[in-house]
Amino acid sequence: MSGKLISAKSNNWRLEPDKPIWTIISAYALLILGLLLVLPRLLIPVFPASSLAIGIYFYRRYPLHYVGFTWWIWFLGPFIKRLIDYRVGGPTPWPYHFTPLLVTSIALATLWRYLPRTYKRDGLPFALCCLAIFYGFFIGLIRQPTVDYDREILILLNWLAPVSFGFHLFINWRQYPRYRQLFQQVFLWAIIVMGCYGIIQFLLAPPWDKQFLIQLNGDSRSSYMGVPQALGMRVWSTMGNSMTFSFNLLPGLILLFISRHRWRLMAGLLGYFVFLLARVKD
């Protein structure tokens, strides 16, 4: 997360955290941890609902923090889902990317509000993307009638939410210096967190990750993700699979080239090391 943008030097900017924001995030983390230890089944609805509520609050009151919160939910949400599955004893109803997708979909409000005003100018590419998505969605419904409408809506959001999030950043282009600093800071700390856990995952193979691989592999002892044992996994750290992990790690490693943070060297070492352990050809 990040807060107020203040100038430390004439050409060096840093982000100062806001206490109310950290209070909300701390309470959110304690809620998840407490329920995970005591009532893990309650987290099945509480985790996506609380994440969505915080995302809406940030979107309305702290737009910059909404973007940071969305990124962190994508980085850590699948890991929390694995912990819930492990504590419950089996796979829970929601897919691993359901909660991050809900939080990202809040940006649909920006699309609804501003796209009609901008589609004739710079917003035309976003309008064309939305038209193509809805066209494909309705053609799919016509050609393959289904009663599983929840699945179809989820597929639609999978395509529409990223476009909406990109449009949200596009509309706030005047805040580019703040968003630039936010992205550098979020990705730097994400590399450190995911890098540290990725090494732990590879060396120790925590039981929740073993359970995830067993559920993924089925009767087979191995898959493209590796085998459920220490030194046998393709690292995916806190995310849902190795490819998604590497695709999110790579832009963070690129951003380190322009970072001046004192932790950038350690982040780079961790990031490149777990990037090799993921064994994904980008």
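I take a residue as buried under 20% relative accessible area, as exposed over 50%, and as partly exposed in between. L42 has a relative accessible area of 40%, so I enter L42 as partly exposed. The model I am reading is a predicted one.

**Entry: the patch around L42**

I placed L42 in the loop between α1 (19–38) and α2. I then looked up which residues join L42 in a nonpolar patch on the surface, and found L33, L37, V38 and L39. Together the five have about 490 Å² of accessible area.

**Entry: overall layout**

I counted 11 helices and two strands in the protein. Along the sequence I read the pattern β-β-α-α-α-α-α-α-α-α-α-α-α. Of the 282 residues, 46% are buried. I noted an accessible surface of about 15700 Å² for the protein, with 67% of that belonging to carbon and sulfur atoms. For contacts with a separation of 6 or more, I noted that 69% are between residues 24 or more positions apart.

**Entry: helix α4**

How many of the eight residues of α4 are buried? I found seven, so I describe this helix, residues 98–105, as mostly covered. The buried ones are F98, T99, P100, L101, V103, T104 and S105. I checked what they pack against and listed α2 (43–61), α3, α5 (108–118) and α7 (149–171).

**Entry: aromatic pairs**

I count two rings as a pair if their centres lie within 6.5 Å, and as edge-to-face if their planes are over 60 degrees apart. On that basis I have 25 aromatic pairs. One of them is F58 with Y62, at 6.4 Å centre to centre and 85° between the planes, which I enter as edge-to-face. F58 and Y62 are both buried.

I next looked up F79 and Y197. Their ring centres are 4.9 Å apart and their planes stand at 65°, so this pair is edge-to-face. F79 is in helix α3 (residues 63–88) and Y197 is in helix α8 (residues 176–204), so the pair ties together parts 118 residues apart in sequence. F79 has a relative accessible area of 17% and is buried. Y197, at 11% relative accessibility, is also buried.

I also listed one aromatic cluster, formed by Y59, Y66, W71, W72, F75, F165, F183 and F187.

**Entry: salt bridges**

Side chains of opposite charge can pair when their charged atoms come close. I found three salt bridges in the protein.

The one I looked up to begin with is K81 with D85, where the closest N and O atoms are 3.0 Å apart. Both residues lie in helix α3, four residues apart, which is about one turn of the helix. An α-helix has 3.6 residues a turn, so residues three or four places apart point the same way. K81 and D85 are both buried.

Another is R82 with D209, at 2.7 Å from N to O. R82 lies in helix α3 and D209 in helix α9, so this salt bridge ties together parts that are 127 residues apart in sequence. I have R82 and D209 both down as buried.

The remaining entry is R151 with E152, at 3.1 Å from N to O. Is R151 buried or partly exposed? R151 has a relative accessible area of 48%, so I enter it as partly exposed. E152 has a relative accessible area of 13% and is buried.

**Entry: charges over rings**

I went back to K81 and R82 to see which rings they face. The charged end of K81 sits over the ring of Y96, 4.3 Å from the ring centre. K81 is thus noted twice here, over Y96 and in the salt bridge with D85. R82 lies over the face of F212, at 5.7 Å from the ring centre. R82 likewise has two entries, over F212 and in the salt bridge with D209.

**Entry: P207**

I found P207 in helix α9, residues 207–217. How exposed is P207? Its relative accessible area is 37%, so I enter P207 as partly exposed. I looked up P207 against Q229, which is 22 residues away along the chain, and the C-alpha atoms of the two are separated by 9.2 Å.

How values were computed
Residues numbered from 1 in each chain as written. Predicted model: local features only at pLDDT ≥ 70, side-chain atom pairs only at ≥ 80, totals over all residues. Heavy atoms only, no water. Phe/Tyr/Trp six-rings, centres within 6.5 Å; stacked < 30°, edge-to-face > 60°. Buried < 20%, exposed > 50% of the residue type's maximum accessible area, 1.4 Å probe, protein only. Lys NZ or Arg CZ within 6 Å of the ring centre and 35° of its normal. Salt bridge = Lys/Arg side-chain N within 4 Å of Asp/Glu carboxyl O. Contact = heavy atoms within 4.5 Å. Areas by Shrake-Rupley, 256 points an atom, 1.4 Å probe, with all protein chains shown as cover. Patch = residues over 30% accessible without salt bridge, like charges linked within 9 Å, V, L, I, M, F, W, Y side chains within 5 Å.
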